[in-house]
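Here is a short set of exercises to work through with the model open beside you. Try each task before you read its solution.

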Amino acid sequence: MKIFAPALMALGLVAAGAPAQADFPERPITMIVPYPPGGATDIQMRSLSAAASRHLGQPITIVNKPGAGGSLGAVNLSTAMPDGYTLSQVSVGVFRMPAITKMPYDPARLSYIIGVSGYLFGAAVKSDAPWKTFDELVAYAKAHPGKVRYGTIGTGSVQHVTMEAVAQQRGIDWLHVPYKGNSEVNMALLSGQVDFSSDGSAWAELVNSGRVRLLAVYSEKRAKKWPDVPTLKELGYGISEQSPYGIAGPPGMAPDVMARLHDAFQQALNDPEHLRTLETLNQDVVYMSGADFAAHAQRETARQAGIVTRFGLKQR
């Protein structure tokens, strides 16, 4: 069994890696967001990083690296210096992609700093679409095999796997169309390239403006802003997904540097401006300590390997 590096560090069992840095940070920090600008992840991480920079006394520069199911941040961490000046947002794609294809990083070796939030996912159609409910959409898709197209941010994403789980339960054959980010998914939906989107809350403004109709959310409970929209669990699919995510660094970071970063981001989580950003995105603070985030990563890596096998997502 793999033992995640942060757990070893907490026990004082890791001697290798970056030396302790009493004056950290002494220069700007780079935060990789492995999704395009303007999406929910980008908006939330920019707000959080701005608040954390005030506690660290140094700016945090956001660098967007979209693609590969949200795993390109971890790819960059695998070769970065473990000095605390290169960090990345880390979500479920990081744990899933190694089961899909060969990746240059090992999730077990990353330095897990803090868990920060989780997504609200949902299925949405254009306001003029004929389907008023998710069950109507599913019934149409079942009656018209191969005709209904849906867009997500990529193959192997939570959004993709959730809809494939629905298809498997109901015997549906619908077409998955992957895009690089939320903005592209929204454009595809509005232009009619896809019939519905399975995405994070990047559709929120479109729903609020009446251009898009939200049919179902994937959370455990109904969303506060859209209380009339049922959950997939309510509809009988037995599915709930929030996909907690957080911040990690390269393998071998010094424990004191990790602690300094953890404390700054923990303070930033409850910054009033950041909390307003979360409210806009309909997301919550989902705090995990570094050790808890490492444990979550270990569990999720195993779970995602099972999902990849179950849905035949492994690339040959």
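**Exercise 1: A strand and its partner**

Task: Find the residue in S9 that is the bridge partner of Val125.

Solution: Keep in mind that this is a predicted model. Start at Val125 and go across to S9, where the bridge partner is Arg213. Next, look at the strands as a whole: S5 (residues 122–126) pairs with S9 in the antiparallel sense, over five bridges. Finally, check how covered S9 is: this strand spans residues 212–217, and six of its six residues are buried.

**Exercise 2: The domains and the core**

Task: Work out where the largest nonpolar core lies relative to domain 1 and domain 2.

Solution: Begin with the domain assignment, which gives domain 1 as 29–119 + 243–311 and domain 2 as 122–235. Their C-alpha centres are 26 Å apart, and the contact takes 18 residues from domain 1 and 17 from domain 2.

Now turn to the core. It has 95 residues, and those touching the most other members are Phe134, Trp174, Ile247, Leu261 and Phe265. Helix H9 (residues 255–269) supplies the largest share, seven residues. Both domain 1 and domain 2 give residues to this core, so it lies between them.

For a closer view, take Ile247: leaving out residues up to four places away in sequence, its contacts include Met31, Leu87, Tyr112, Phe265 and Phe293.

**Exercise 3: The cavity**

Task: Which residues lie nearest the centre of the largest cavity?

Solution: A search of the whole structure for cavities of 30 Å³ or more finds one. The volume of the largest cavity is about 160 Å³. Its lining has 17 residues, and Tyr35, Tyr119, Phe121, Ile153 and Gln159 lie nearest the centre. Helices H2 (40–56), H4 (92–100) and H6 (158–170) are the elements that each give two or more residues to this lining.

**Exercise 4: Backbone exceptions**

Task: Inspect the backbone at Pro25, Ser243 and Asn282.

Solution: As a reference, most residues other than glycine have a negative phi, and most peptide bonds are trans.

- Pro25 is joined to Phe24 by a cis peptide bond, with omega about -5 degrees; Pro25 sits in the loop between helix H1 and strand S1.
- Ser243 has a positive phi of about 55 degrees. Ser243 is in the loop between S9 and S10 and is buried, at 7% relative accessible area.
- Asn282 also has a positive phi, about 60 degrees. Asn282 is in the loop between helix H10 and strand S11; with 16% relative accessibility, Asn282 counts as buried, the cut-off being under 20%.

Key: Residues are numbered from 1 along each chain as its sequence is written. This is a predicted model: local features need pLDDT of at least 70, side-chain atom pairs count only at pLDDT 80 or more; totals for chains, interfaces and linings use all residues. Side-chain values use heavy atoms; hydrogens and water are left out. Buried means under 20% relative accessible area, exposed over 50%, partly exposed in between (1.4 Å probe, protein chains only). Helices (H or I, at least four residues) and strands (E, at least two) are DSSP runs, numbered from the N terminus. Two strands pair if DSSP finds at least two bridges between them. A nonpolar core is a set of buried Ala, Val, Leu, Ile, Met, Phe, Trp, Tyr and Cys residues joined through side-chain atoms within 4.5 Å. Domain bounds come from an automatic or database domain assignment. Contact means heavy atoms within 4.5 Å. On a 1 Å grid over the protein atoms alone, a cavity is a set of points where a 1.4 Å probe fits but cannot get out, and a pocket is an open set with protein on both sides within 12 Å along at least five of seven lines; lining residues have an atom within 4 Å of a point. Grid points are joined across faces, edges and corners, and a volume is the space filled by probe spheres set on the points.
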